Structures are given as structure tokens and as C-alpha cells.
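Please open the structure in a viewer and keep the selection tool at hand. The tour proceeds one selection at a time.

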Amino acid sequence: MKVLRDEDVQSRPGLQDWRVLAGRLHATFRSGSMTRGIELVRRIGEVAEEMNHHPDVDLRYYRVHVALTTHAAHGLTERDVSLAGRIGAAAAELGMPAEPGRPRAVEIAVDALDIPAVLPFWQAVLGYRTRVGPEQDEAGAVDLEDPDARSPGLWFQQMDLPRPGRGRIHVDVHLPHDEAEARVRAALQAGGHLVSDVYAPSWWVLADAEGNEACVRTWQGRD
């Protein structure tokens, strides 16, 4: 099963309501009520069973969030593209507009000198499992994940030397590629400062007034 490039998925016709974030395809649909949201979830379930391909669905009072990936391939495939199209069509039939600026994915990065020494602690205390798959970040691998896919992933970045002048945990915020720069501006206007934009639009490193860091990330520039 061929894994598709993020850029190729995001540019597909018919996926204008979907956004690639952290290796998954996300969409948010505004239902307006719990009852209408349940109806969309029911429709999604029917399509998923028909295709034998099952998304993660998060039902909230006013919205339904959907995330797609092909677990067997450890990435996005044509099955995700096809299912996204059908889910979008079902939402449109029910009169539920998409909100493409709302999806987000959060990861926590731990900078460590001895990753094998600290990783087991985090795995045990969080109840996480080792991530299976070939995904590699520019600075390391996403190493641990919530087995129920409800909480942020945790990954470990190798440090060569101790770094007493900076924090050693930072938050990665994955956003739609067309929302990231606005979020960066909002964070700067809220008192943050830019640490680095050398890798933008793949990611920007920001920090608060005390130096605690957050990376705003997109799918762009990953290949």
C-alpha cells in the first residue's frame, strides 16, 4: 500500500475542507447540535464499514472532528483520500459546513541527553506505547503515542550537550498550512517572541516571556 506525500494529499481536488496535520488527514464539521452530530457520525460509520476503513471520530455538542490515517501503512493512502471524499459528501448532504481552520494536533517534545534512560519513565507514567512506523522528524522520531489516540504524542530530541539556558520540554502545535502564519502573529502579539523562522513554513520556534518554547508546525517542507 503506497504512502502518499502530504503535499499530494493536501492538493487533491475535493479535499479543500480537509487539512494534513502530523501525518493525518483532519476535518471539522459544524453540526449545530448533538442530535445532528450523531446523524453525521452514523453516516460516517456506515461508509467506514462499507469501505472497511475506520477513522477516529470525536463528537462534540456543536461539532464533529474526524481524523484519517492508514495504520497498516503508517501514513496516508488512497483509502484515506477516498473515505475523506465520502465523509465530506455526507456532511454536505446533511447541511453541515466544514471549518477547515479548526483542526489541530499537539505533540510534546522532550530534549534529552540519554533518551533510552528517560523514555521508559514517560512510557510508564503516561501509559503510552512505542509508536510503530517509519515516521521520522527532522530532529528525531515521534517515539510514544496514546494507544487510544486521544492525548498528545511524545517524542524525544537528542541533545549533544546540556542546555541549562533553555527549557528541555516544548510543545509542537500542528496547524493547517493556511492558518499557521496567523497563529504565529497572534502569539507574537500576545507577548511571545520569535526564536527562529529559519525552517518556516515547515515550522516556527516561538517562546513566551520566560523562554518556554512552542513550535508552530505544518506539513510543508517535509519531503
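The stops below go from the whole chain to single strands, residues and peptide bonds.

**The whole protein**

Begin with the entire chain in a cartoon representation, bearing in mind that this is a predicted model. The cartoon should show five helices and 12 strands. The radius of gyration is 18 Å, close to the 17 Å that the globule rule gives for 223 residues, so the protein is as compact as a globular protein of that length. Along the principal axes, the C-alpha trace spans about 55 × 40 × 30 Å.

Next, switch to a surface view. The accessible surface comes to about 11900 Å², and carbon and sulfur atoms hold 52% of that area. Of the 223 residues, 39% are buried. Among contacts with a separation of 6 or more, 62% join residues 24 or more positions apart in sequence. If the charged side chains are coloured, 25 positive and 34 negative charges appear, and the mean positions of the two sets are 4 Å apart.

**Strands S1, S2 and S4**

Select residues 24-30, which form strand S2. Is this strand enclosed or open? Six of its seven residues are buried, so S2 is largely enclosed by the rest of the structure.

Add residues 19-21, strand S1, to the selection; S1 pairs with S2 in the antiparallel sense over three bridges. One bridge to find here joins Leu-21 to Arg-24 of S2. Two residues separate the strands of this hairpin, and Ala-22 takes a positive phi near 50 degrees.

Pause at Ala-22, in the loop between S1 and S2. Most residues other than glycine have a negative phi. Ala-22 is not a glycine, yet its phi is positive. With a relative accessibility of 33%, Ala-22 counts as partly exposed, since that class lies between the limits of 20% and 50%.

Now add residues 63-68, strand S4. S4 and S2 pair in the antiparallel sense over six bridges. Phe-29 has Val-64 in S4 as its bridge partner.

**Arg-30 and its surroundings**

Stay on S2 and select Arg-30, which is found in that strand. Its relative accessibility of 30% makes it partly exposed. Which residues does Arg-30 touch, beyond its neighbours within four places in sequence? The contacts are Tyr-62, Arg-63, Met-96, Pro-97 and Glu-99. To check one of these pairs, draw a distance between the C-alpha atoms of Arg-30 and Glu-99: they are 6.9 Å apart in space, although 69 residues separate them in sequence.

**Arg-43 in helix H2**

Move to residues 34-51, helix H2, and pick out Arg-43. Is this residue buried or exposed? Its relative accessibility is 19%, so Arg-43 counts as buried, because the limit for that class is under 20%. Apart from neighbours within four places in sequence, Arg-43 is in contact with Ala-90, Glu-93 and Leu-94.

**Strands S9, S11 and S12**

Select residues 213-217, strand S12. Four of its five residues are buried, so to speak of the strand as mostly covered is apt. S12 has a partner in strand S9, residues 169-174, and the two pair in the parallel sense over four bridges. In this region, His-174 stands opposite Arg-217 of S12.

Strand S11, residues 203-207, also pairs with S12, in the antiparallel sense and over five bridges. Here the bridge partner of Ala-207 is Glu-213 in S12. S11 and S12 form a hairpin with five residues between them, and in its turn Gly-211 has a positive phi of about 95 degrees.

**Two backbone details in loops**

From S11, step back to Pro-201, in the loop between strand S10 (193-196) and S11. Most peptide bonds are trans. The bond from Ala-200 to Pro-201, however, is cis, with omega near 10 degrees.

For the last selection, go to Ala-149, found in the loop between strand S7 (144-145) and strand S8 (153-158). Which sign does its phi take? The value is positive, about 55 degrees, although Ala-149 is not a glycine. With a relative accessible area of 41%, Ala-149 is partly exposed.

Terms used:
Residues are numbered from 1 along each chain as its sequence is written. This is a predicted model: local features need pLDDT of at least 70, side-chain atom pairs count only at pLDDT 80 or more; totals for chains, interfaces and linings use all residues. Side-chain values use heavy atoms; hydrogens and water are left out. The radius of gyration is taken over C-alpha atoms; the globule rule is 2.2 Å times the number of residues to the power 0.38. Buried means under 20% relative accessible area, exposed over 50%, partly exposed in between (1.4 Å probe, protein chains only). Contact means heavy atoms within 4.5 Å. Accessible areas come from the Shrake-Rupley method with a 1.4 Å probe; for residues, only the protein chains shown count as cover. Lys and Arg count as positive and Asp and Glu as negative; His and the chain ends are not counted. The place of a charge is taken as NZ of Lys, CZ of Arg, CG of Asp or CD of Glu. Two strands pair if DSSP finds at least two bridges between them.
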